[in-house]
Structure formats: structure tokens, C-alpha cells
Amino acid sequence: MKKTLKLLFLVLAKSLFRISEFLNFAQISSIWRYSKWKCRLKDLGADSEIYSNVIIHSPEMVSIGKNCAVAEFVHMWGSGGIEIGKNVLIASHSIIFSVSHDINANIYRNSNIRKKVIIGDNVWIGARVIIMMGVEIGEGSIVGAGSIVTKNIEPYSVVVGAPAKRIKSCNKS
């Protein structure tokens, strides 16, 4: 009996190994995540990729354009609204806030201020960037890793630092 079970297990294991050669589990996982977020977000464009371990609060207030990539451990607070254009890259561990608390409130927990964040087309947001509420990042801009964006960024700008400051322009082509 033991020998039969062992042989059956080996045959099944070999069969599963052969099946796995034809199945791309990373691709299946990506399709599953896309489907999950497509149902929950306000809008999710074609060919966009949201990697694992991304957290989006109030996803019904967040729209992501086509051909975007949102890397692992990105955190979005979306209740104030977040609009992300086409061809946008958001690197890992970045945070986007569209809501905060009123500094003049008696009880901070009960005071929410919401302001929409807009990220233009073809923007590259580096790792560990923090984007504060009400900010607009212009088309074609690059935000350097570790930057804190507190003010609007002109199109085709390269910004770095805390707070983020413009250091140069980048190509419009």
C-alpha cells in the first residue's frame, strides 16, 4: 500500500511539473490582480500593472491610466481623489496622500481635509517618494527617490529632495 501511494505521488508530481511548464504562474497572478483592482478602482487602464502588496484606501476615488506600473508596497490614501495619467511609473514604497487632518481641529481624528492629487502622463516617481494632498505633477516629470512633494511640479521637470525642488528640465520627446 505504501509503495503504491508513493508511486502515485511521484506520478502526480511529475504530471504537475509538466503542467507548470505550460502555465506561467506570475502571469496568472498578474491577471488576477488586474481583475481585482479593475473592479475596485474608479478606473484602471489597459496594460497597467499593480504589483502585490499595494494598498489603496478608498479605491473608488482612484483612477489609473493605461500602461502604468505601480510597484510593491505603494500606499495610496485615495478619499480625496487620485488621478494617475498614462504611462506612469510609481516605484516601491511610495506614498500618495489625498487626505489629511485639520491642524486647527479640537479632535484631529474627526477632521479630514481632502484634496485631489493629479499625476500627469509619462511621469516617473522614484522609490520612497511621498506625495502630499492637493499636488499636481506635470506631464513628463521625474521625481527622485526619497523626495517629498508638497507643491505642484511643472511639466517636464526633474525634482529631488525634501521638500522636492526642481533641479533641471527633461526632454519633451
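Buried means under 20% relative accessible area, exposed means over 50%, and partly exposed lies in between. These labels recur in the legends below. The model shown is predicted.

**Figure 1. A salt bridge joins Asp-121 and Lys-86.** The N-to-O distance between the two side chains is 3.9 Å. The pair links distant parts of the chain, 35 residues apart. Asp-121 sits in the loop between E12 and strand E13 (124-125). Lys-86 sits in the loop between E7 and strand E8 (89-90). Asp-121 has a relative accessible area of 28%, so the residue is partly exposed. Lys-86 is at 35% relative accessibility and also counts as partly exposed. Side chains of opposite charge can pair when their charged atoms come close.

**Figure 2. Lys-116 and Glu-83 form a salt bridge.** The closest N and O atoms of this pair are 2.7 Å apart. Lys-116 lies in the loop between strand E11 (112-114) and strand E12 (117-119), and Glu-83 lies in strand E7, so the salt bridge ties together parts that are 33 residues apart in sequence. Lys-116 is partly exposed, at 38% relative accessibility. Glu-83 is partly exposed too, at 30%.

**Figure 3. Glu-49 pairs with Arg-33 in a salt bridge.** Here the closest N and O atoms are 3.2 Å apart. The partners belong to distant parts of the chain, 16 residues apart. Glu-49 is in strand E2 (residues 49-50), and Arg-33 is in helix H2 (residues 25-40). Arg-33 has a relative accessible area of 11%; this is under 20%, so Arg-33 is buried. The count of salt bridges in the model comes to three.

**Figure 4. Five strands pair in parallel to form an open sheet.** The strand order is E3-E6-E9-E14-E17. Strand E3 (55-57) and strand E17 (148-149) are the edge strands, each pairing on one side only. Strand E14 (residues 130-131) pairs with E17 in the parallel sense, over two bridges. Ile-130 has Ile-148 in E17 as its bridge partner. Strands of a sheet pair through backbone hydrogen bonds, either parallel or antiparallel.

**Figure 5. Strands E18 and E19 form a hairpin.** Strand E18 (residues 157-160) runs antiparallel to E19, and four bridges join the two. Ser-157 has Ser-169 in E19 as its bridge partner. Four residues lie between the strands. Strand E19 (residues 165-169) is hardly covered. Among its five residues, the count of buried residues is zero.

**Figure 6. Gly-161 sits in the turn of the hairpin.** Its place is in the loop between E18 and E19. Gly-161 has a positive phi of about 105°. The relative accessible area of Gly-161 is 31%, so this glycine is partly exposed. Leaving aside residues up to four places away in sequence, Gly-161 touches Ser-147 and Ile-148. Gly-161 and Ala-145 are 16 residues apart in sequence, and their C-alpha atoms are 8.3 Å apart in space.

**Figure 7. Gly-78 is buried in a loop between two strands.** The flanking strands are E6 (75-77) and E7 (82-84). Gly-78 has 0% relative accessibility, so this glycine counts as buried. Not counting residues up to four places away in sequence, Gly-78 touches His-57, Ser-58, Met-61, Val-62 and Ser-98. Val-117 is 39 residues from Gly-78 in sequence, with 8.7 Å between the C-alpha atoms.

**Figure 8. Gly-78 also helps to line the largest pocket.** This pocket has a volume of about 170 Å³. Its lining is made up of His-57, Ser-58, Trp-77, Gly-78, Ser-79, Phe-97, Val-99, Ser-100, His-101 and Asn-112. Strand E10 (residues 99-101) gives the most to the lining, with three residues. By type, the lining divides into three nonpolar, seven polar and no charged residues. His-57 and Ser-58, both in the lining, are among the residues that Gly-78 touches.

Note on methods. Residues are numbered from 1 along each chain as its sequence is written. This is a predicted model: local features need pLDDT of at least 70, side-chain atom pairs count only at pLDDT 80 or more; totals for chains, interfaces and linings use all residues. Side-chain values use heavy atoms; hydrogens and water are left out. Buried means under 20% relative accessible area, exposed over 50%, partly exposed in between (1.4 Å probe, protein chains only). Two strands pair if DSSP finds at least two bridges between them. Contact means heavy atoms within 4.5 Å. A salt bridge is a side-chain nitrogen of Lys or Arg within 4 Å of a carboxyl oxygen of Asp or Glu. On a 1 Å grid over the protein atoms alone, a cavity is a set of points where a 1.4 Å probe fits but cannot get out, and a pocket is an open set with protein on both sides within 12 Å along at least five of seven lines; lining residues have an atom within 4 Å of a point. Grid points are joined across faces, edges and corners, and a volume is the space filled by probe spheres set on the points. Ala, Val, Leu, Ile, Met, Phe, Trp, Tyr, Cys and Pro count as nonpolar, Asp, Glu, Lys and Arg as charged, and the others, Gly among them, as polar.
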